[in-house]
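Visitor: I am new to protein structures, and I would like to be walked through one slowly. Could we look at the model together, one question at a time?

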Amino acid sequence: MTNETATSSRKRDHLVICCEQPVEAGDAGFNDVRLVHNALPECNMDAIETKTRFLGRALGSPLFIAAMTGGHPDTLEVNRRLARAAERYNLGMGVGSQRAALEKPELEESFTVVREEAPRAFLCANLGIIQLRDHGIEWAERAVEMIDAQAIAIHINSLQEAIQPEGDHNTEGCLEALRYLCEEFSYPVIVKETGSGISAGTARVIRGAGASAIDIGGYGGTSWAKIERLRANDSRLADLGEAFLSWGIPTVVSLCEVRTAGGPIIATGGLRTGVDIAKSIALGADLGGMALPLLKPAMESDDALSAAIEAMHRELRVAMFLTGSRSTRDLRHARTYITGLTRQMLRNSD
């Protein structure tokens, strides 16, 4: 099997495992966060404004369709439905890693369909930091051009790479590659983790390199250690995945640390409801991203996906009403209580 074929096959494996197996691990920390109830909100819930702005773009709500899939023919219909939803609700959307299509152009359709179905949506291209280091700015430009994106996400997935049989274990030179991209690229660069979170120190390094935004990708949602454990044919790799099921910085802790570095933030990793989005905004995020909660209805139908999104928007709106937040701008100033293990971890953060 060639490297290009292996990459595409791996994308399908990941999609099937995410849909058919329990792939979540840990606690993102949202149960330790309480929005302070406003018993006299003095606002009309039906007039609450969920619109927001991110990297200069007006969006219908802070719900972000996080990077999921692409790179295999079987992923095309999922991306088609997700893109239709992004267009319908004016949501930001990220695509999965475009490596497979960059290696094998005949797979581009599973990505280009996104812009075809969402001609006005805010789209983020996606390239791994190792591929950026190895192939340079040319691959970043091709990734953006492929879907006519407004930004590019450079993903970091060191834990997954360490466990998967095809993984790349050498990250030397990645920071310099990121710094060069941020200096020379004509599009905003978002640096995203994929499930292990980002610390305050790493966030400062990322911001210092020139990144426009950070997607924290915290621990507590989809676990790539768990996915690779389920996918492994080698018992040693399966055991390795098991050993690192609890590795990472919980999403809420990561969010509170990353906000100290300044700049726009997408909170991803274990968000499951509109209330989680509201909590994320109150804690400093600009957007709240979801993948798995949208993937399963997207596999079913357009109607199922729309129902899921509308339920999240209702939950968000009620949470805003109960904190007296007429707009997402007001929600940023809503008070929170943080308890439990999350509070303990934040006391020890750097």
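Guide: What follows is a set of questions and answers about this predicted model, starting with its strands and moving on to its recorded sites and its empty spaces.

Visitor: In what order do the 8 strands close into a barrel?

Guide: The pairing between these strands is parallel, and neighbouring strands of the sheet are turned by 30° against each other on average, with direction ignored. Following the strands round until the barrel closes gives the order 4-5-6-7-8-9-10-11.

Visitor: Which residue in strand 10 is the bridge partner of Ile214?

Guide: Strand 9, which covers residues 213-215, and strand 10, which covers residues 265-267, pair in the parallel sense over 2 bridges. Looking across to strand 10 from Ile214, one finds as its bridge partner Ile265.

Visitor: Is Lys192 buried or exposed?

Guide: Lys192 is one of the residues that UniProt, in an unreviewed entry, places under the feature "binding site", and in the model Lys192 is found in strand 8, residues 189-193. Not counting residues up to four places away in sequence, Lys192 touches several others, including Ala67 and Asn126, which come from that UniProt list as well. Because its relative accessible area is 10%, and the limit for this class is under 20%, Lys192 counts as buried.

Visitor: Where does Leu271 lie, and is Leu271 buried or exposed?

Guide: Leu271 also appears in the "binding site" list that comes from the unreviewed UniProt entry, and its place in the chain is the loop between strand 10 and helix 13 (274-282). Leaving aside neighbours within four places in sequence, Leu271 is in contact with residues including Phe30, Thr251, Met290 and Pro293. Since its relative accessibility is 0%, Leu271 counts as buried.

Visitor: Which residues are the closest to the centre of the largest pocket?

Guide: The largest pocket has a volume of about 340 Å³. Helix 5 (129-135), helix 7 (158-163), helix 8 (174-184) and helix 9 (200-208) each supply at least two residues of its lining. Of the 20 residues that line this pocket, the closest to its centre are Ile129, Ile156, Ser158, Thr202 and Ile206.

Visitor: How much space lies in the second largest cavity?

Guide: Rolling a probe the size of a water molecule over the atoms shows where empty space is left. A search of the whole structure finds 3 cavities of 30 Å³ or more, and for the second largest cavity the space comes to about 90 Å³.

Visitor: Which helix gives the largest share of the lining of the second largest cavity?

Guide: This cavity is lined by 16 residues, and the closest to its centre are Leu159, Gly195, Ser196, Trp224 and Ala225. Helix 7 and helix 10 (224-231) each supply at least two residues of the lining. The largest share, 3 residues, comes from helix 7.

Visitor: UniProt lists Arg10, Lys11, Ser97, Gln98, Arg99 and Gln160 for "binding site"; which of this set does the lining of the second largest cavity take in?

Guide: This set comes from an unreviewed UniProt entry, and one of its residues, Gln160, is found in helix 7. Gln160 is classed as buried because its relative accessible area is 8%. When the set is compared with the lining of the second largest cavity, the residue taken in is Gln160.

Notes: Residues are numbered from 1 along each chain as its sequence is written. This is a predicted model: local features need pLDDT of at least 70, side-chain atom pairs count only at pLDDT 80 or more; totals for chains, interfaces and linings use all residues. Side-chain values use heavy atoms; hydrogens and water are left out. Two strands pair if DSSP finds at least two bridges between them. Helices (H or I, at least four residues) and strands (E, at least two) are DSSP runs, numbered from the N terminus. Axes are lines fitted to C-alpha atoms, for helices over the stretch in contact, and angles run from 0 to 180 degrees between N-to-C directions. UniProt positions are given in the numbering used here, feature names are shortened, and annotations may be inferred rather than shown by experiment. Buried means under 20% relative accessible area, exposed over 50%, partly exposed in between (1.4 Å probe, protein chains only). Contact means heavy atoms within 4.5 Å. On a 1 Å grid over the protein atoms alone, a cavity is a set of points where a 1.4 Å probe fits but cannot get out, and a pocket is an open set with protein on both sides within 12 Å along at least five of seven lines; lining residues have an atom within 4 Å of a point. Grid points are joined across faces, edges and corners, and a volume is the space filled by probe spheres set on the points.
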